[in-house]
Amino acid sequence: MKNIYLDYNSHTPCDISVIKAMQDIWSQPGNPHSDGHSFGWNKQTLISDSLKTFTDIYDCFEEELLFTSGATEANNLAIYSGIPIAEKTNPQADTILTSHLEHKSVLNPLEIAASKHGLKLLYVDITSDGVIDLQDLQTKFEQNNVLWVSCTMTNGVIGTNQPIYQVAELCQRYNAMLHVDGSQAGYLDISCHDLEVDFLTLSAHKIYGPSGIGLLYSKHLQHPEFMPMISGGGQQDSLRAGTLPVPLIVGFADAAKVLETVRESEALRLKKLRDALLNGLNQALEIRVFGDMEDRHPGNLYLAIENVDSMQLLNNLQPHLAFSLGSACDGLSREYSPIMKAMSVPKELAECAFRICIGRMTTTAEIDLAIDMIIAKVKKVS
């Protein structure tokens, strides 16, 4: 039996175009920071061309971009360097706002930064549709002197898109800095200057690029308070030391170009396959889907089969069907999900929830087979 991968929110395989773009570079000599000979110049040209791709797609300037090892590092760097900058800009402010929609690479650094800087960390309510509650956000702005807001663009577990432009408008009105995790938002238009975000993070392996490369956008990179997390040889204007991985950067840029070309048609195709999966399961099972069904990642379903433990279901379907209980960073944790708790989903129902995400390589035949496998296993354990 064929093994089927439906965990694209966790990791997307490299597109064939990306593999081809990287292939020849692996064997080429030359360090991009060796500026005394042609081999270094050639590598630097590849980086410059890639940066041009990113500035065109994400509406920003080259000097506002910093390569990282991924979104986790970029989120950490944004928070640890950004909050001191925010304090210089708004020294009277003492409050950080976020929500349980954020990835742990945002929430954990925020907790550390709040403790280190003596700041209040408040969590904004989430609606029953899995969207940040704008009314509660505004209330918290009115009742606190807000320094910093971290808000994801697309949640990586329940898949819901967030009203990021309204959040940005409130941040501007109340003079708070805004940090956006855009790593799961590949199917949305990401325009840094139009959004007027202070910090935004991206990851290649969420958009069919290679693992190990990400981007931090910020209009504050040249601020004297911006402190590198990695020091050494002075690469990237001394903002992050380390030899740049040219094949990964080229692959990331190619992945971004491919997605920019196919975004609308691919989103429609993923929605069609997602809806087929949901409809097929609904024919035989009691299904509960969490989060707004319209404004979400087109391939994502976060659902529960009533009275069926999700971990047991996942175990029973191995190795033939890959999905997850939530973020890969959470592993197989049985913790009562903070997102589910914030959405007022009972713990017993939350323990039935799991995440399926369809992607570029998913076929109709795989969806049909996945439906059959899930129904058969549920009936066997029920």
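Colleague: What is the order of the seven strands in the open sheet?

Modeller: In this predicted model, the order reads S2-S8-S7-S6-S5-S3-S4, and the pairing is mixed. On average, neighbouring strands are turned by 20° against each other, direction ignored.

Colleague: What makes S2 and S4 edge strands?

Modeller: Strand S2 (65-68) and strand S4 (120-123) each have a single partner strand, so one side of each lacks a neighbour in the sheet.

Colleague: How do you know that S2 pairs with S8?

Modeller: Pairing takes at least two bridges, and four bridges join S2 to strand S8 (residues 214-218). The two run antiparallel, with Leu65 standing opposite Tyr217 in S8. Helix H2 (residues 38-58) lies across S2, strand S7 (199-203) and S8, at about 115° to S2.

Colleague: Happy with that! Now the cysteines: why is Cys192 not bonded to Cys60?

Modeller: A disulfide needs the two sulfur atoms within 2.5 Å. The sulfur of Cys192 is 4.8 Å from the closest cysteine sulfur, in Cys60, and that is too far for a bond. By this rule the count comes to zero disulfides.

Colleague: And are these two cysteines buried or exposed?

Modeller: Buried means under 20% relative accessible area. Cys60 has 7%, so Cys60 counts as buried; Cys192, with 1%, is buried as well.

Colleague: Why is Ser99 called buried?

Modeller: The cut-off is under 20%, and Ser99 has 1% relative accessibility, so the label applies. Ser99 is found in the loop between strand S3 (95-98) and helix H4 (104-117). Residues touching Ser99 include Leu107, Tyr123 and Ser150.

Conventions: Residues numbered from 1 in each chain as written. Predicted model: local features only at pLDDT ≥ 70, side-chain atom pairs only at ≥ 80, totals over all residues. Heavy atoms only, no water. Buried < 20%, exposed > 50% of the residue type's maximum accessible area, 1.4 Å probe, protein only. Contact = heavy atoms within 4.5 Å. Axes fitted to C-alpha atoms, helices over the stretch in contact; angles between N-to-C directions. Lists of a residue's contacts leave out its neighbours within four places in sequence.
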